[in-house]
Amino acid sequence: MSTQPKRVLVLGGTVYLSHKIAALALERGHRVTVASRGASGEPPEGAEFVAIDRSVEGGVDALRGREFDAVFDVARIPAHVGPVLDALADGAGHWSFISSISAYAEHATVTDELYEPAPDDSTDPSVEVYGASKVAIENMVRDRLGDRALVTRPGLIVGAGDPVDRLGYWPLRFSEGGEILAPGPRERPVQWIDVEDYATWLLDAADAGLTGTFDAIGDHIGMEAFFDGIADALIEQGVLKERPDLTWVSQEFILEQEVTAWAGHESLGFWAPSPDYDGHGSRPSAPAVAAGLRLSTLATTIERWWNTNSAAPTLRAGLSRRREGELLAAWHGTEADAEALERYDRERSFKVPPPTAPPG
Ligand SMILES: NC(=O)c1ccc[n+]([C@@H]2O[C@H](COP(=O)([O-])OP(=O)(O)OC[C@H]3O[C@@H](n4cnc5c(N)ncnc54)[C@H](OP(=O)(O)O)[C@@H]3O)[C@@H](O)[C@H]2O)c1
């Protein structure tokens, strides 16, 4: 893959995926500009920082007339996109928009039906219109960039620096030992994309001038195979000695007990009801792979996560030991040992999310 120095603009660049794109672009020797408010974090060292605020009139004027070989944008709000297209589209060689599989209107099965797009001037940040907003932005980008536009729709992005960490609870919980609540059904399909694989592919795609629309996701496997893969990776790394003691509880029980799915306070990260969300866990990976996406093994992803996050995790998903112990006791029809559970929570190296944590 060509690594000729390029002028790269990352709209975002201060957190997680967009930070990773900027950091890897710098490693490739590109001249990288990061444009955002600087509110979410620091851009990677070596990047030019341009302060913009897409939520205010004239807030992107600092970029007007600049030319870039490759632009990457992670926008979620349609009204934030028109002004950057006006300022930059004519001088952009390649435009990569990071959308989401949440753009698909059907969650239970794999279809290509999308939400009706939100209005182009929508400023609504709410999760209810997230998919419709992504569809609107996709259309705006395609309209303005034509055959210079690449739209990718990632599923769950996992890895180092994830601010909505749905993966991290499981390796950390496995490392604690004891009886662990595992949410059924065992064969429920799950899939993810490693943030490093995704950022690498986006940069390769810009280098190659790849255009069109792709899901950006890895192969799907069952929840049990996913847990086995995490356990085996931790055993391989010497974190665990043996497979964890999992107690599989039924989906009906989880729903009865009103355990929060997916992310947030006292939730089960990665878990969502089946078959209601099976379509979101089984999107096809083959088109992206054929277009150059290289997928790391689960073991590599877990190793990367463990080496960068486990010492100071900032989890936004997971159960407290107290809640988990109470659920297990209810499942077995026994009494929970409240004192022991409280001690486990006090001694934990990580905290599960507070009630105010946003949903993923
Ligand atoms: N995480 C997942 O599992 C997942 C799954 C599917 C799709 N996605 C998509 O993947 C992308 C993830 O992007 P990300 O990791 O970089 O996180 P992000 O939270 O979407 O990042 C937003 C970036 O935009 C900047 N920004 C926000 N408001 C701004 C404003 N008013 N003006 C200028 N800049 C602004 C932020 O910087 P400042 O705050 O510093 O300004 C930040 O750098 C998103 O497009 C998301 O929709 C994520």
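A crossover counts as right-handed if, with the strands pointing away from the viewer, the path from the first strand over the helix to the second runs clockwise. The views below show a predicted model.

**View 1. Strand β1, helix α1 and strand β2 form a right-handed β-α-β unit.** Strand β1 spans residues 7-11. Helix α1 covers residues 16-27, and strand β2 covers residues 31-36. β1 and β2 run parallel and are joined by five bridges. Within this pairing, Val8 has Val32 of β2 as its bridge partner.

**View 2. Strand β1 also pairs with strand β4.** β4 takes in residues 68-73. The two strands run parallel, with four bridges between them. Leu9 faces Val71 of β4. Four of the five β1 residues are buried, so the strand is largely enclosed by the rest of the structure.

**View 3. The chain divides into two domains.** Domain 1 runs over 7-154. Domain 2 is assembled from 169-190, 220-278 and 297-347. Their C-alpha centres are 33 Å apart.

**View 4. The ligand has 29 residues around it.** Thr14, Ser18, Ala39, Ser40 and Tyr130 come nearest. Three pairs involving ligand oxygen atoms are shown here. At Ser18, an N or O atom of the side chain lies 2.6 Å from a ligand oxygen. At Lys134, a side-chain N or O atom lies 2.8 Å from a ligand oxygen. At Val15, the partner is a polar backbone atom, 3.2 Å from a ligand oxygen.

**View 5. Helix α4 is mostly covered.** The helix spans residues 169-176, and six of its eight residues are buried. These are Tyr169, Trp170, Pro171, Leu172, Arg173 and Phe174. Their cover includes strands β8 (179-183), β13 (245-249) and β15 (267-269). Helices α6 (223-236), α9 (298-309) and α10 (321-332) are also among the covering elements. Just after α4, Gly177 adopts a positive phi of about 80°.

**View 6. Asp204 makes a side-chain contact with Arg28.** Asp204 sits in helix α5, residues 195-208. Its relative accessible area is 6%, under the 20% cut-off, so Asp204 counts as buried. The polar contact between the Asp204 and Arg28 side chains is 2.7 Å.

**View 7. Two peptide bonds leading into prolines are cis.** Most peptide bonds are trans. From Gly184 to Pro185, the bond is cis, with omega near -5°. Pro185 lies in the loop between β8 and β9 (189-190). From Ser274 to Pro275, the bond is also cis, with omega near 5°. Pro275 belongs to the loop between β15 and α8 (286-290).

**View 8. Glu258 and Phe270 have positive phi although neither is a glycine.** Most residues other than glycine have a negative phi. Glu258 has phi of about 55°. It is located in the loop between α7 (251-256) and β14 (260-262). At 67% relative accessibility, over the 50% cut-off, Glu258 counts as exposed. Phe270 has phi of about 80°. Its place is the loop between β15 and α8. Phe270 is buried, with a relative accessible area of 1%.

Definitions and conventions: Residues are numbered from 1 along each chain as its sequence is written. This is a predicted model: local features need pLDDT of at least 70, side-chain atom pairs count only at pLDDT 80 or more; totals for chains, interfaces and linings use all residues. Side-chain values use heavy atoms; hydrogens and water are left out. Buried means under 20% relative accessible area, exposed over 50%, partly exposed in between (1.4 Å probe, protein chains only). Two strands pair if DSSP finds at least two bridges between them. Domain bounds come from an automatic or database domain assignment. Contact means heavy atoms within 4.5 Å. A residue is near a molecule or strand if one of its heavy atoms lies within 4 Å of it. A polar contact is a pair of N or O atoms within 3.5 Å; within protein, one must be able to donate a hydrogen and the other to accept it, and residues adjacent in sequence count only if both atoms are side-chain atoms.
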